[in-house]
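Hi,

Here is the structure I said I would pass on. Have a look at it first, and then read on for what turned up when I went through it.

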Amino acid sequence: MPVAPSPARPIAVQIRIGGRWIAGQELGRRTGTAGTDEVLVSHHGHLVWIDQSSVRASEAESPYK
C-alpha cells in the first residue's frame, strides 16, 4: 500500500469514532486494502488509520478553506 508523504507539520483534524467527533492530528494518507483512502491520525500519542470519510478539518486550523 503506497503511503503519501507526511505533511510538513501535522494538520489538526477531527475524527468520528463511536458517533462522536474527537480531536486529532493528520500525519499521512494511504490507499487501504479495500481501495478506500485512509488517513493516519494521532490522538494523544495513539496512531490509527481512519477511513477518510470519518475525518474532517478542524475548525481551528482548516487547510480546506
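Let me start with an arginine and a tryptophan: R30 lies over the face of W49, at 4.1 Å from the ring centre. Keep in mind throughout that this is a predicted model. R30 also has an acidic partner, since it forms a salt bridge with E38, where the closest N and O atoms are 2.6 Å apart. Both ends of that bridge, R30 and E38, are buried.

How many salt bridges are there in total? The count comes to 2. The other one joins R29 to E26, with 2.9 Å between the closest N and O atoms. Here the two ends differ in exposure. E26 counts as buried because its relative accessibility is 4%, under the 20% cut-off. R29, at 24%, falls between 20% and 50% and therefore counts as partly exposed. As a general point, side chains of opposite charge can pair when their charged atoms come close.

Now the overall layout. The protein has 6 strands and 0 helices, so from the N terminus on you will read β-β-β-β-β-β. Of its 65 residues, 29% are buried. If you take the contacts between residues at least 6 apart in sequence, 36% of them join residues at least 24 apart.

Which residues make up the largest nonpolar core? I11, V13, I15, V39, V41, I50 and V55 do, 7 residues in all. Strand 2 (11-17) and strand 4 (37-43) each supply at least two residues of this core, and the largest share, 3 residues, comes from strand 2. In general terms, nonpolar side chains tend to be buried together in soluble globular proteins.

Two members of that core are worth clicking on. I15, in strand 2, has a relative accessible area of 1%, which is why it counts as buried. Not counting residues up to four places away in sequence, I15 touches R20, W21, I22, V41, I50, S54 and V55. One of these pairs spans a stretch of chain: I15 and I50 are 35 residues apart in sequence, yet their C-alpha atoms are 7.8 Å apart in space. The other one is V41. Leaving aside its neighbours within four places in sequence, V41 is in contact with V13, I15, G24, Q25, H46, L47, V48 and I50.

Then there is Q14, which also lies in strand 2. Is Q14 buried or exposed? Buried, because its relative accessibility is 17% and the cut-off is 20%. Its side chain makes a polar contact with the side chain of R56, at 2.6 Å. Beyond four places in sequence, the contacts of Q14 are W21, I22, S54, V55, R56 and S58.

R56 brings us back to the kind of arrangement I began with. The charged end of R56 sits over the ring of W21, 4.0 Å from its centre. So there are arginines placed over tryptophan rings at W49 and at W21. As for aromatic rings paired with each other, the structure holds 0 such pairs.

If you want a route through the model, try R30 with W49, then R56 with W21, and finish at I15 in strand 2.

Cheers

Definitions and conventions:
Residues numbered from 1 in each chain as written. Predicted model: local features only at pLDDT ≥ 70, side-chain atom pairs only at ≥ 80, totals over all residues. Heavy atoms only, no water. Salt bridge = Lys/Arg side-chain N within 4 Å of Asp/Glu carboxyl O. Buried < 20%, exposed > 50% of the residue type's maximum accessible area, 1.4 Å probe, protein only. Core = buried A, V, L, I, M, F, W, Y, C linked by side-chain atoms within 4.5 Å. Helix = DSSP H or I, 4+ residues; strand = E, 2+ residues; numbered from the N terminus. Contact = heavy atoms within 4.5 Å. Polar contact = N/O pair within 3.5 Å; in protein donor to acceptor, adjacent residues only side chain to side chain. Phe/Tyr/Trp six-rings, centres within 6.5 Å; stacked < 30°, edge-to-face > 60°. Lys NZ or Arg CZ within 6 Å of the ring centre and 35° of its normal.
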